[in-house]
Amino acid sequence: MPRISEMTDVDFNGIENPYVPPKILKIASKLKLHQTWDKEVDPVTYEVIRHNLWQINEEHGATIQRLSGSPVAMYALDLNPSILTEDAEFVYFGPYMQYMSGVTDTQVKWTLEYRSENPGINEGDMFIANDPWVGAAHQQDVMLLCPVFWEGELFCWITNCLHQYDIGGITPGSFCPSAESVYEEGLMLPPLKIIENYEVRKDIEAVYLRSSRKPDLVALDFRAQIAGNTTARDRILELIKRYGAATLKGVMKRIIDNSEKSYLDKMSRLPDGEWSDRTYIEACRPGDRRTHRVMLGLRKEGNKLIFNNDGSATQEGAMNATYSGWRGSVMVAVNELLCWDQYFACGGALRHIEFDPTPGTLNCADFPSSVSTAPIQAMEISLYPAYNVISKMIYPDPIMRKDIMCIGGTSQWPATLFRGIDQWGEKYGYLLIDPIGGAIGAFTMADGINTGGQARTPICQLPNVEHTEQNFPILFLYRKELSDSGGAGKYRGGLSAESCFIPHNTEFVTQDTLSSGNAIPTSPGLMGGYPSTTNAYTFVKDSNIFDCIASSQMPKDTDELLGNSVTLQLREQNFTQDPKDVYAVRWSGGGGFGDPFDRAPEDIEDDLESLAITENSAETLYGAILSKDGHVDVKRTREHRAKIRKSRVTEIKKSNRKGQLLSENSHSINIMRDDAGTYWACAKCDFELGDISENYKEHCLTENQSIAVSNPLIGDEARFIDNAVEFRQFYCCQCGCLLDNEIAIAEDPLLHDSRHQLS
């Protein structure tokens with residue numbers, strides 16, 4: 001199978017050139033683009049207009065949120081607006097669900113290429129689209145593209161994307177975990193002109209709504225999107241009238257140019273090289289007990305970054321994502337680690353970034369693969385490794401390393417899809433949104449943030465329990481943060497949480513589980529940091545919950561309940577939750593950074609006092625010795641840690657090389673140079689760990705342990721998968737310090753995750 005970069009413009013099941021957007025736009029001669037702008041804009045005017053554009057984009061998203069009748073928009077903020085130039089360069093992403101905008105530019109380019117002649121792109125038009133092979137994450141993410149005209153020329157594009165309540169398919173809510181192809185999933189629309197001359201085309205809207213079980217709600221979502229685009233378009237036109245088209249376009253172009261300048265400055269401070277990360281998806285369909293490898297590679301060549309997915313598993317089942325979903329996912333990490341200082345203006349950086357995966361893989365799936373569950377599986381599992389490879393790349397720079405953020409919570413979303421008859425006798429279907437509470441992973445200089453949301457959705461927030469109970473027939477028993485759920489490290493990952501509920505004012509609830517990351521943690525740490533907890537479902541049948549309620553003894557944990565505990569599989573379908581059945585959903589926390597034995601004793605004491613960790617974790621993961629009153633004995637802890645490190649070194653080895661420090665490659669590994677060449681070395685004792693061309697892990701002391709050792713909340717992986725999972729730890733052969741960790745299927749080789757090209 002050729003890489004995307006090797007593909008030509010071919011017809012693809014009726015959709016032209018689905019993977020590669022045209023580099024040179026071929027548009028109809030009748031469509032005039034506005035391409036005149038002021039090359040010089042005074043600084044005050046620039047700042048005023050720049051911030052005005054950002055506020056327009058935020059107001060755009062807030063308009064959709066307020067007008068949509070969907071809890072997905074109101075509480076999950078599963079939407080995102082964007083502003084693009086006339087030729088589809090990003091001016092601004094929105095701060096909502098960012099991966100939605102990750103392929104807006106390719107969608108707009110496709111529309112310019114294939115719709116400018118017939119049916120034409122004119123003032124007062126909007127195009128609807130949700131085809132994952134053109135530019136959508138999955139079918140539920142419906143995009144509305146709005147060209148903005150000034151004096152007969154296409155000035156810019158306003159776009160938005162909103163997750164629709166139900167767009168069809170074999171499962172209510174349109175997440176179809178048992179689908180084998182897109183033919184069993186929701187309606188797909190390549191860009192269609194649904195608004196013409198400011199009027200909704202009822203024929204196109206009828207096709208769009210026909211497949212939905214909730215057409216009235218979807219129609220309201222659609223009108224919220226129209227209102228968002230209309231509001232933003234009006235604001236843009238007001239700016240043109242106030243400042244002039246050339247000035248406004250000049251500001252847009254400068255935003256992109258400044259973004260490019262910032263990006264190029266960062267690249268100039270970093271060495272060339274290659275970095276990779278490996279993780280896994282579990283269960284591609286009901287009954288599947290396999291793991292499916294996901295690889296992400298990053299190569300830096302001067303100012304150019306090239307992302308690939310070499311080594312990822314082939315497409316299969318209902319876990320897949322298209323090229324659009326993969327690219328959009330990777331762009332979130334690019335935005336947040338490389339463009340955060342530019343207000344998420346990534347257009348300039350994109351001038352120097354290539355995306356080159358191999359089609360036919362689970363995160364670049366060919367048509368007609370099933371992709372409806374993409375955002376909570378193949379896209380999440382593509383997004384979070386991107387944080388790791390970029391973090392490994394930027395660590396050598398002392399300034400940029402402050403931007404590093406370990407993988408956070410819901411690196412795989414533990415979906416619970418419930419449906420039935422609600423408290424008003426109406427049919428409903430819903431996805432529990434609580435895991436959006438997530439957690440933020442550790443930083444290089446600070447702990448992560450407990451239930452700090454999801455980094456990919458900067459303004460997300462947990463929905464109020466009362467709102468969920470008001471809208472759906474369930475009653476929450478508790479929602480709580482979980483001790484030990486964050487990854488251990490010198491800096492601890494943020495804690496995750498668990499929500500627990502029963503049916504209420506309904507006879508029963510029909511449930512589906514849809515998850516990965518329940519056997520293998522998908523929030524690993526960085527540079528010696530430990531992984532967070534895994535996702536988990538807890539289901540207690542025929543519990544004594546009503547006896548507890550009657551006696552005013554509300555449970556604080558499912559362990560306090562009597563009943564029959566049922567192990568739910570990761571794609572369990574159509575099981576019934578009766579009023580006495582208690583259901584709990586736990587999501588993953590944030591990964592840790594650095595060796596837990598380097599964590600300061602006072603920080604461990606704070607963790608114990610705030611219930612962030614248990615005493616058992618303080619002793620086993622952090623090597624702390626506690627006094628009888630629960631305080632950390634600093635002297636004995638220091639001695640105990642030194643003893644453990646010494647015990648790891650069974651044969652004393654000495655390194656004779658005395659090179660000079662060339663680069664701090666990571667928190668634990670340095671790059672050194674002497675007359676004999678360049679080599680890896682332990683950052684604490686300078687012990688040589690092999691030539692720079694080699695995998696330093698092969699020169700470490702290696703200990704392979706059960707994955708359950710890495711976090712006390714992780715259980716036996718054999719409940720869900722057949723593969724054995726290893727927690728591999730790599731120690732310095734001289735000082736015994738922990739240098740790195742790796743989570744891998746037992747038969748997979750050591751990951752060669754860092755290759756430097758140093759002059």
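Student: Which residues lie nearest the centre of the second largest pocket?

Tutor: This is a predicted model, and in it Glu498, Thr538, Thr558, Asp559 and Arg586 lie nearest the centre of that pocket. The full lining has 29 residues, and the space comes to about 580 Å³.

Student: What makes the lining of this pocket, in terms of strands and residue classes?

Tutor: Strand E19 (536–541) and strand E20 (564–566) each put in at least two residues. E19 gives the largest share, with 5 residues. By class, the pocket lining splits into 12 nonpolar, 11 polar and 6 charged residues.

Student: What would make a space a cavity rather than a pocket?

Tutor: A space is called a cavity because a 1.4 Å probe fits there but cannot get out, whereas a pocket is an open set. Counting those of 30 Å³ or more gives 6 cavities. The largest cavity has a volume of about 450 Å³ and is lined by 37 residues, with Asp277, Asn388, Lys392, Gly525 and Asn741 nearest its centre. Strand E10 (272–282), helix H9 (380–394) and strand E29 (738–745) each supply at least two of its lining residues.

Student: How do the classes divide up in the lining of the largest cavity?

Tutor: That lining has 18 nonpolar, 12 polar and 7 charged residues. The second largest cavity has a volume of about 290 Å³. Its lining holds 23 residues, and Val72, Asp78, His163, Phe175 and Leu431 are the closest to its centre. Two strands give two or more residues each to this lining: E14 (415–421) and E15 (427–431). Here the classes come out as 16 nonpolar, 4 polar and 3 charged.

Student: Over to Ser485. How do you know whether it is buried or exposed?

Tutor: Check its relative accessible area, which is 0%. Buried means under 20%, so Ser485 is buried. Ser485 sits in the loop between strand E16 (474–481) and strand E17 (497–503).

Student: What makes the pair of Ser485 and Leu482 a polar contact?

Tutor: The distance is part of it: a polar atom of the Ser485 side chain lies 2.6 Å from the backbone oxygen of Leu482, and the cut-off is within 3.5 Å. Further along the sequence, Ser485 also touches residues including Leu495, Ser532, Gly589 and Asn711.

Student: And Ser174: buried or exposed?

Tutor: Buried, because its relative accessibility is 1% and the limit is under 20%. Ser174 is in the loop between strand E7 (153–163) and strand E8 (192–196). Leaving out neighbours within four places in sequence, Ser174 is in contact with Gln140, Asp166, Ile167, Gly168 and Ser372. Thr538, from the pocket we began with, is 364 residues from Ser174 in sequence and 24 Å away in space, C-alpha to C-alpha.

Student: Why is the pair of Trp110 and Tyr114 called tilted?

Tutor: A pair of aromatic rings is described by the distance of the centres and the angle of the planes. For Trp110 and Tyr114 the centres are 4.9 Å apart and the planes make 50 degrees. Rings pair within 6.5 Å, and planes under 30 degrees apart would be stacked while over 60 would be edge-to-face, so 50 degrees is tilted. The two residues are 4 apart in helix H3 (residues 104–120), which means they are separated by about one helical turn.

Student: How many aromatic pairs does the count give?

Tutor: The count is 26 aromatic pairs. One aromatic cluster includes Phe418, Tyr428, Phe501, Tyr537 and Tyr583.

Student: What makes the backbone at Asn505 worth a look?

Tutor: Most residues other than glycine have a negative phi. Asn505 has a positive phi near 60 degrees and is not a glycine. Asn505 counts as exposed, because its relative accessibility is 55% and the bar is over 50%. Tyr198 also has a positive phi, about 70 degrees, without being a glycine. At 45%, though, Tyr198 is partly exposed.

Student: Which peptide bond onto Pro368 is cis, and where does that proline lie?

Tutor: The bond joining Phe367 and Pro368 is cis, with omega about 5 degrees. Pro368 lies in the loop between strand E13 (353–355) and H9. There is also a cis bond from Asn118 to Pro119, with omega near 15 degrees, and Pro119 is in helix H3.

Terms used. Residues are numbered from 1 along each chain as its sequence is written. This is a predicted model: local features need pLDDT of at least 70, side-chain atom pairs count only at pLDDT 80 or more; totals for chains, interfaces and linings use all residues. Side-chain values use heavy atoms; hydrogens and water are left out. Buried means under 20% relative accessible area, exposed over 50%, partly exposed in between (1.4 Å probe, protein chains only). A polar contact is a pair of N or O atoms within 3.5 Å; within protein, one must be able to donate a hydrogen and the other to accept it, and residues adjacent in sequence count only if both atoms are side-chain atoms. Contact means heavy atoms within 4.5 Å. On a 1 Å grid over the protein atoms alone, a cavity is a set of points where a 1.4 Å probe fits but cannot get out, and a pocket is an open set with protein on both sides within 12 Å along at least five of seven lines; lining residues have an atom within 4 Å of a point. Grid points are joined across faces, edges and corners, and a volume is the space filled by probe spheres set on the points. Ala, Val, Leu, Ile, Met, Phe, Trp, Tyr, Cys and Pro count as nonpolar, Asp, Glu, Lys and Arg as charged, and the others, Gly among them, as polar. Rings of Phe, Tyr and Trp (its six-membered ring) pair if their centres lie within 6.5 Å; planes under 30 degrees apart count as stacked, over 60 as edge-to-face and the rest as tilted.
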